[in-house]
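Colleague: I'm new to this one and would love a friendly walk through it. May I ask how you know each thing you tell me?

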Amino acid sequence: MDSAHPTKMYSWKEILPRMEEIRAEATEQFIDAWKNSQARYTHDFTWHETMGYVIVKRDDANKRIILSPRCPELLKEMGLVFDPGLVGAHPKEPKACSSARPLEEATETHWRPAHARFALRCEPLYLRKFSLEQLAIHSVECLRERRRIIKSMLDPDEMLLSIGQFPLLGAGTYIDHQTPPNGPLLRSQLLSDICLNPTPPFTLEIGGIVDRRGVVPYTGVPIYHDTNTPWPFVDESMPFDPFSEGIMMPTGESNRDSACSVASSPVADMANRNTTKDNNEEARSTAQSVPALSRPLLLDPPSNKNCLLLDSPLFGIGSGGVLRVTLCAADLDEARVLHDHLAPIGAIMAALTAATPIVKGHLVDRDCYWDVQCSTVDDRSAQERGIVPLTTAKGTLLKSRYGSIDTYLGPIDPQPEDAFRRQYNDNQFTYDKGSYWKMREGCGIDNLLALHVSRLFVRDIHYASEYMFESSSSGEKSNMADGQEHFKRFLGCSRQNVCLYPPNKHTGSGWEVEFMSLEVQLTDEENAAFITFIVLLSRVIISYRLNLYLPITLMDHNMARSQKINAAREQLFFFRRDVFGGRDGKSNGSGRISKRISKPGAWHTAQHSNGSSRPDFGIFSFYNSDQPETAEYVELTVDEIINGSETYRVTGLLNIMFNYLHTLRLEYDVEQALRRQLLLVKKRASGKLCTLATWMRNFVHKHPDYRQDSVVSQSINYDMLRTMNDIEEGKVTAPELL
């Protein structure tokens, strides 16, 4: 599947001596993109989705389903030539004629490989204009046609599924042509090298994560405790406890930390400079944004007690289906607004789209895969994680390279009437001093944007292409390059629940915001519904100037809650009581938090799920226990956040959307199609429809072969995936799901 003249790729170890040079060039590339965007305004809002699928193979005689590693072969049959140096290709600006039919759009899809040989990704070749007809009708038809195209190329015993993770990956026999584990590529005791796409970017990224960390990145996933589950549970697939002292030995030759020099006390660093009064005030405000890290945080090592163990980054990156929505804003100001106000929604959407209750052939004590993914790709060294004292590393990194956002961006020039307050940035993170001051003093990039970008350069990239070194050494860009290769690599190494991307001058797109926390759904109708919800929410945020800010610490609490079993029905999430208030910096700015004292599961009764009035709940406020309406943040159910609550005087995001649609005076068929899509979200939030994770969990519990021991056998997996495929094809109805 390589091109005629494949791009030469370099591993993390090979580029490590030039890492500072690469960081400096990446900083310059961002500065260049920022300068070029100052005079640019993209009048038309555009967007695009990224979808991912998994190919599986049926063995009807033995009642088992395994993975099919044929995706590279299928893409080659489609005539696609993959250049490893351009793995991050981007959709182009929309065509001048916007009357493309869904079938034409599907055939103009950019298909690309994933890290795993059994998974593939796709994006539209062109960015989509904001057309409500396209959003309501054409998008789902396009998704269907894409699926039909791939299905037409499959063998009779193969199936195409849009699932986040294959349930039996790493358990027994799980892939066709499976080879023994402990291969040279993955270095895994669970996964065969046949799982990994042999193309250099993917092999080098997986290897770079392990090499940089210095040990295999083991991840413990809590097991679901059923009636007959052995307790305490021990993962028998691992012959030893990898977290015990002396077992986690280095896997490579590297015996040093490669993290760049970072600011452990950015405030002091700024205060030591000769600054004006305005700069001194900015320095003091940064103390709230980035608290000083005076010493490493000594964290307890993870435990394998009552956990399943995963031992490869491939468990978390490129091994399953995905659903992401990218929004191309009018300018940087609008992109900052979307970045900040979509970030607190990430946990809510993760709970609504939960679809991964089974890991390595076992039911697990969570429904979402977000934390597992973040942990499996964590390349921080022991010093950066605070496990051992700092010696060669210059700072402690509190998060994996994947996770929730570190900082809000706020407006460029905050005013008293703005919704943003610096106190919302109440967490700690580390950033690169050199790139920060180059952006601040070299070209005048504002403080929060400079902090946001410079935190990327604390990380290393895991591989580089010859394009990058050609442009660095010659000062000229390759014909295949777009001038942002270095910066894109750092972006790819640090993914948050919401990501900000600079304008792409080759494709013509402007500043972009990518929404990352959705889990892919089983059917095209579900995926289209959640795409519509995110796109419409972005328009509502801009049109109505919604205020969805939460302190980042509360947002992180929400992300943790969103992954629990049946979180969409049984968990409470911090949310703003009044999404229209607080724009003057005074109203609704009390900072109070209203918390419920009743058990979360107590409220979701049959009376509640059918939409009737909610009971009166016990309230506890840190400041004013008998007046929850004065609190800025309240604990709400997903139903109350999406559909509203009279008890807590919460409008509900869907009610705001319906009001927005009413003002547009749409054609009847378009409005009805949009309302049908949003109705699915409404019912999912209210509990009338369950998540895919709940459906899968219920299927396992009701299967005659299930022994209440948390084990999902080959026969259970076979029947479940066959049924899921029949649901997607419309052969079987699932009224509890759709």
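Colleague: Let me start with a small detail: which residue stands opposite leucine 120 in E5?

Modeller: Proline 113 does. Before we go further, please keep in mind that this is a predicted model.

Colleague: What makes E4 and E5 a pair of strands?

Modeller: Two strands count as paired if there are at least two bridges between them. E4 and E5, the latter covering residues 119-124, are joined by 5 bridges, so the pair meets that requirement. They run antiparallel, and a hairpin of 5 residues connects E4 to E5.

Colleague: Why is E4 called largely enclosed?

Modeller: Because 4 of the 5 residues in this strand, residues 109-113, are buried. A residue is called buried when its relative accessible area is under 20%.

Colleague: What about E2 and E3: how many bridges join them?

Modeller: There are 4 bridges between strand E2 (residues 46-59) and strand E3 (residues 64-67), so they pass the cut-off of at least two and are a pair. These strands run antiparallel, with valine 56 opposite leucine 67 in E3. E2 and E3 form a hairpin with 4 residues between them, and lysine 63 in the turn has a positive phi of about 50 degrees.

Colleague: How many helices and strands does the protein have?

Modeller: The protein has 24 helices and 21 strands. Buried residues account for 61% of its 738 residues. The exposed surface comes to about 28100 Å², with 49% supplied by carbon and sulfur atoms.

Colleague: How do you know that cysteine 142 is in no disulfide?

Modeller: A search of the whole structure finds 0 disulfides. For cysteine 142, the nearest cysteine sulfur belongs to cysteine 122 and is 8.2 Å away. A disulfide needs two cysteine sulfur atoms within 2.5 Å, so this pair does not qualify.

Colleague: And why is cysteine 142 called buried?

Modeller: Its relative accessible area is 0%, which is under 20%, so the word applies. Cysteine 71 is buried too, because its value of 2% is also under 20%.

Colleague: Which residues touch the most other members of the largest nonpolar core?

Modeller: Those are Tyr408, Phe533 and Ile642, in a core of 128 residues. Helix H16, residues 524-544, gives the most to this core, with 11 residues. There is also a second, separate core of 69 residues, which includes Leu191, Ala347, Tyr369 and Ala734. In soluble globular proteins, nonpolar side chains tend to be buried together.

Colleague: What is isoleucine 642 in contact with, leaving aside its neighbours within four places in sequence?

Modeller: Its contacts include Ile348, Leu352, Phe533, Leu653 and Val681.

Colleague: How do you know that the length of H16 agrees with what a helix should span?

Modeller: At 1.5 Å a residue, its 21 residues should span 30 Å, and the C-alpha atoms at its ends are 30 Å apart, so the two values agree. H16 is also largely enclosed by the rest of the structure, because 17 of its 21 residues are buried. Just after H16, arginine 545 takes a positive phi of about 50 degrees.

Colleague: Why is H13 called largely enclosed?

Modeller: Because 8 of the 8 residues in this helix, residues 447-454, are buried. Among them are Asn447, His452 and Ser454.

Colleague: What makes asparagine 306 worth pointing out, and is asparagine 306 buried or exposed?

Modeller: Asparagine 306 has a positive phi of about 55 degrees although it is not a glycine. Most residues other than glycine have a negative phi, and most peptide bonds are trans. With a relative accessible area of 13%, which is under 20%, asparagine 306 is therefore buried. Its place is the loop between helix H8 (277-289) and strand E9 (307-310).

Colleague: And why is arginine 665 called exposed?

Modeller: The cut-off for exposed is over 50%, and arginine 665 has a relative accessible area of 78%, so the term fits. Arginine 665 lies in the loop between helix H21 (653-664) and helix H22 (668-686), and its phi is positive, near 55 degrees.

Colleague: Last one: where is proline 232, and what is the peptide bond from tryptophan 231 to proline 232 like?

Modeller: That peptide bond is cis, with omega near 5 degrees. Proline 232 sits in the loop between strand E8 (219-222) and helix H7 (266-271).

Definitions and conventions
Residues are numbered from 1 along each chain as its sequence is written. This is a predicted model: local features need pLDDT of at least 70, side-chain atom pairs count only at pLDDT 80 or more; totals for chains, interfaces and linings use all residues. Side-chain values use heavy atoms; hydrogens and water are left out. Buried means under 20% relative accessible area, exposed over 50%, partly exposed in between (1.4 Å probe, protein chains only). Accessible areas come from the Shrake-Rupley method with a 1.4 Å probe; for residues, only the protein chains shown count as cover. A nonpolar core is a set of buried Ala, Val, Leu, Ile, Met, Phe, Trp, Tyr and Cys residues joined through side-chain atoms within 4.5 Å. Contact means heavy atoms within 4.5 Å. The expected span of a helix is 1.5 Å times one less than its number of residues.
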